[in-house]
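Please work through the exercises below with the sequence and the structure at hand. Each exercise gives a task, and a solution follows step by step.

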Amino acid sequence: LIPSFPASMAAAPSSATAATATTATTAPVYLPITPKIGGAGDVALSPDNAFFLVSDYWNGTVKHVDTNTNTATRTYKGFSDPCGLDISPDTSFALVANNLGNNIGHIDLRTHQVSFPYPNEGIKYPRCVAISPDASFALFTNEGNNNIGRINLRTNQITFHYNDTGLRSSYGIAISPDSRHAVVSNEDGNNIGARAIPVMLPLTP
């Protein structure tokens with residue numbers, strides 16, 4: 001099982017620490033996953049908490065980890081520096097931003113087949129990917145071309161958006177529950193010392 005926080009961490013703060021309780025943090029709990037992962041990248045937890053996927057960029061794979069045993073029960077191969085990934089709401093498939101492969105990978109979580117069904121023209125160093133709540137489309141940060149790719153998951157076609165709008169080396173991306181907006185972590189290169197700033201993008205059908 002994914003370990004829960006020890007009871008001592010959840011105890012009510014004493015009077016001496018009550019004043020700082022709102023800013024206190026607990027130590028992370030590290031999962032003893034076997035076999036070990038070479039270079040852990042992004043991670044996505046299934047909606048039912050039964051498993052999670054983690055990209056292993058050193059070995060060009062994605063690991064399927066059972067949360068009951070913390071064991072990597074399956075390894076999906078064929079990637080080149082896999083980065084961000086996401087699991088569909090019904091856990092039937094996952095998408096992987098295949099950074100050095102300049103494409104988006106598709107993992108069928110029922111048949112365990114890996115494929116690359118989406119056209120890769122215009123994709124350059126994709127970093128992260130997010131699937132919409134209704135699984136009708138997905139967005140990915142297209143770091144090399146400083147824009148956002150949109151995959152129509154019904155037709156497998158890709159369009160690119162937000163060109164020349166100030167996006168630069170975008171990384172993480174998330175879609176709002178109503179699919180009307182996305183938030184992108186954008187590297188602001190116009191300042192001394194790059195910093196990550198969130199950018200809200202309006203989405204249209």
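**Exercise 1.** Does Gly 78 count as buried or exposed, and why?

*Solution.* The model is a predicted one, and every step here is read from its atoms. Begin by placing the residue: Gly 78 sits in the loop that lies between strand 4 and strand 5. Next, take its relative accessibility, which is 55%; since a residue is called exposed when this value is over 50%, Gly 78 counts as exposed because of its 55%. Then look at its surroundings, where, once neighbours within four places in sequence are left aside, Gly 78 is in contact with Gly 60 and Phe 116. Finally, compare positions along the chain and in space: Val 62 is 16 residues apart from Gly 78, and the C-alpha atoms of the two are separated by 9.1 Å.

**Exercise 2.** Describe the sheet with strand order 1-2-3-4 and the sheet with strand order 5-6-7-8.

*Solution.* Take the sheet with the order 1-2-3-4, which is open, has 4 strands and shows antiparallel pairing. Its edges are strand 1 (40–45) and strand 4 (71–76), each of which pairs on one side only. Neighbouring strands in this sheet are turned against each other by 25° on average, with direction ignored. Inside the sheet, strand 2 (residues 51–56) and strand 3 (residues 61–66) run antiparallel and are joined by 6 bridges, and Phe 51 stands opposite Asp 66 of strand 3.

Now turn to the sheet with the order 5-6-7-8, which is likewise open, with 4 strands and antiparallel pairing. Here strand 5 (82–87) and strand 8 (113–115) are the edge strands, each pairing on one side only, and the twist from one strand to the next averages 20°. Strand 5 pairs with strand 6 (residues 93–98) in the antiparallel sense over 4 bridges, and the bridge partner of Ile 87 in strand 6 is Ala 94.

**Exercise 3.** Which residues have the most contacts inside the largest nonpolar core, and which strand gives the most to this core?

*Solution.* First, list the residues: the largest nonpolar core has 13 residues, and Leu 95, Ile 104, Tyr 118, Ala 138, Phe 140, Ile 151 and Leu 153 have the most contacts inside it. Second, trace where its members come from, for strand 6, strand 9 (126–131) and strand 10 (137–142) each supply at least two residues of this core, and strand 6 gives the most, with 3 residues. Third, note that another core lies apart from this one, with 12 residues, including Leu 53, Phe 79, Ile 87 and Leu 109. Such grouping fits a general tendency, since nonpolar side chains in soluble globular proteins tend to be buried together.

Phe 140 can be examined further: beyond its neighbours within four places in sequence, its contacts include Ile 104, Cys 128, Ile 151 and Phe 160.

**Exercise 4.** Is Ile 175 buried or exposed, and which residues does Ile 175 touch?

*Solution.* Start with its place, which is strand 13 (residues 173–175). Its relative accessibility is 15%, and as buried means under 20%, Ile 175 therefore counts as buried. Not counting residues up to four places away in sequence, Ile 175 touches several residues, among them Ile 131, Pro 133, Phe 137, His 181 and Leu 203. Leu 203 is 28 residues apart from Ile 175 along the chain, yet their C-alpha atoms are separated by 9.2 Å.

Methods: Residues are numbered from 1 along each chain as its sequence is written. This is a predicted model: local features need pLDDT of at least 70, side-chain atom pairs count only at pLDDT 80 or more; totals for chains, interfaces and linings use all residues. Side-chain values use heavy atoms; hydrogens and water are left out. Two strands pair if DSSP finds at least two bridges between them. Axes are lines fitted to C-alpha atoms, for helices over the stretch in contact, and angles run from 0 to 180 degrees between N-to-C directions. Buried means under 20% relative accessible area, exposed over 50%, partly exposed in between (1.4 Å probe, protein chains only). Contact means heavy atoms within 4.5 Å. A nonpolar core is a set of buried Ala, Val, Leu, Ile, Met, Phe, Trp, Tyr and Cys residues joined through side-chain atoms within 4.5 Å.
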